[in-house]
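I opened a new page for this structure. These entries record what I looked up, in the order I did so.

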Amino acid sequence: MEHISAAAARRIALAAQGFADKRPAAPRRRHLLKTVERLGVVQIDSVNVVSRTHYLPFFSRLGAYPRPLLEEIAWGRKPALVEYWAHEASLTLPTTRPLLQWRMDDARAGVGVWRGIAKFLRSHEDFIAKALKEIETRGPLSASELSIGAKGAGSWWGWGEGKRALESLFWIGDLATATRRSTFERVYGVPNDVLPAQARTEPPPRDEAQRQLLRIAARAQGVATERDLRDYFRMGVTETKARIAELVETGELVPVKVEGWDNGAYLHHDARRPRKVVASALLSPFDNLIWFRERTERLFGTRIRLEIYTPAHKRVHGYYVLPFLQDEAITARVDLKAERRKGVLLVQAAHAEPGANGQTAARLAGELKLMAGWLALDRVEVAPKGDLAAAVAAALAG
């Protein structure tokens, strides 16, 4: 079995995620699509303190791309991406949706975490049939436009039965996302009417679909443990182990031992092995590179925690914290807020990580300026909180 150093594994992972590539001078549609193809899945989240998270992985890898490009390929008249529960709520290529048909079938049958969906479907059969019929007749609708059912008390936790019905139909594949409103409200449509043709092809058998998903996960991670591979598309333990064994048998995954990793790992047979990685990137807390916290700690020796739901007085780094990738290390964390009315990207706190060096503040300042421009904000302001704040403020001033 080949032994791989921790540093080499980190470079392999960064290259697989696109951080070993030079940013294009003028990012275009094809660059965004290539990024989705490379990552396999991009997580969606509605939190808009800085920017909704699905915009950020493209910025991290491509720089200041035109944000309407993502809206066009995801929710335009002829979308090139589709939504489904792939990792969490996610954007994927259309060809990935048929690979998730087994998950839709599990939701319909109430297997595992989908038990509540199946129970709701059974207990509201007539209502759900009417909701589906209304969309088939009227065309794509949001939950608020549905003529039947009580409305919820809120946009998320207070779902009404109309929203629950449409989400249940979405999870089992009987409805799909047609588009999203400017408020991020999902509009539901009949799959045959709103999905690209590639998303409506005959799905492969369950085992082959899972092999294909693991191929995507392995390529996107470069080198990964069984838990890393399983988490990427949130697959079950038994099935993942079986599919990995099959991919090892075909030579697509190569068992390796990584320095410092407690468990064995698997190297994708086409993984790049760069000698060094030069990169500067602010990372969404939901970025594919760091979304599985156990893997992040193994790769970078850094514990990443999302503190949105932590009481303010107990937060260590801040409300919405973006780690800063500097070459092959996470060297800082910044708690950011886009104050759009003031035209300010506010750095509420800036903290150095153990790998920070004399270049960290200046390179971080450069990315903050780039992000502010990308978000159509006039300037960056730094609050005097955190051991790196003064140095970042000085770098911005200089």
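Which residues form one aromatic cluster? I noted Phe58, Phe59, Tyr65 and Trp374 as its members. The model I am reading is a predicted one.

**Entry on rings and charges.** I stayed with Trp374 and looked for a charge over its ring. The charged end of Arg67 sits there, 4.9 Å from the ring centre. I found a second case of this kind at Phe184, where the charged end of Arg180 lies over the ring at 4.1 Å from its centre.

I then looked up the count of aromatic pairs, and the structure holds nine. One of them joins Trp85 and Trp171 edge-to-face, with 6.4 Å from centre to centre and 85° between the planes. I asked myself what this pair ties together. Trp85 belongs to strand β3 and Trp171 to helix α8, so the pair links parts that are 86 residues apart in sequence.

Are the two rings' residues buried or exposed? Since buried means under 20% relative accessible area, Trp171 counts as buried at 14%. Trp85 has a relative accessible area of 27% and is therefore partly exposed.

**Entry on helix α5.** I took residues 101–109 next, which make up α5. Its buried residues are Trp102, Arg103, Met104, Asp106 and Ala107. I wanted to know what covers them, and the cover includes β3 (82–85), α6 (115–123), α8 (161–171) and α10 (206–221). The elements β3 and α8 were already on my page, as the homes of Trp85 and Trp171. Just after α5 comes Gly110, and I wrote down its positive phi of about 75°.

**Entry on strands β12, β13 and β14.** How many residues of β13 are buried? I read nine of its eleven, so I entered the strand, residues 329–339, as mostly covered. I then followed its partners on both counts.

With β12 (residues 321–326), β13 pairs in the antiparallel sense over six bridges. Leu322 stands opposite Val334 in this pairing. The two strands form a hairpin with two residues between them, and Asp327 in the turn has a positive phi of about 60°.

With β14 (residues 344–352), β13 also pairs in the antiparallel sense, here over eight bridges. Lys337 stands opposite Leu346 in β14. This hairpin has four residues between the strands, and Gly343 takes a positive phi near 70°.

**Entry on empty space.** I looked up the second largest pocket, which holds about 240 Å³ of space. It is lined by 13 residues, and the closest to its centre are Ala15, Ala16, Arg38, Arg219 and Arg272. Two or more lining residues each come from α1 (6–16), α2 (29–39) and α10. I had met α10 before, in the cover of α5.

I turned to cavities and found two of 30 Å³ or more. The largest has a volume of about 80 Å³. Which elements give two or more residues to its lining? They are α4 (67–75), β3 and β6 (176–180). β6 gives the most, with three residues. Among the lining residues I listed Trp75, Val82, Glu83, Ala176, Thr177 and Ala178. Arg97 and Leu195 also belong to the lining.

**Last note.** I marked β3 for a second reading: β3 holds Trp85, helps cover the buried residues of α5 and lines the largest cavity.

Technical notes: Residues numbered from 1 in each chain as written. Predicted model: local features only at pLDDT ≥ 70, side-chain atom pairs only at ≥ 80, totals over all residues. Heavy atoms only, no water. Buried < 20%, exposed > 50% of the residue type's maximum accessible area, 1.4 Å probe, protein only. Contact = heavy atoms within 4.5 Å. Pairing = 2+ DSSP bridges. Phe/Tyr/Trp six-rings, centres within 6.5 Å; stacked < 30°, edge-to-face > 60°. Lys NZ or Arg CZ within 6 Å of the ring centre and 35° of its normal. 1 Å grid on protein atoms, 1.4 Å probe; cavity = no way out; pocket = protein on both sides within 12 Å on 5 of 7 lines; lining within 4 Å. Points joined across faces, edges and corners; volume = space filled by probe spheres on them.
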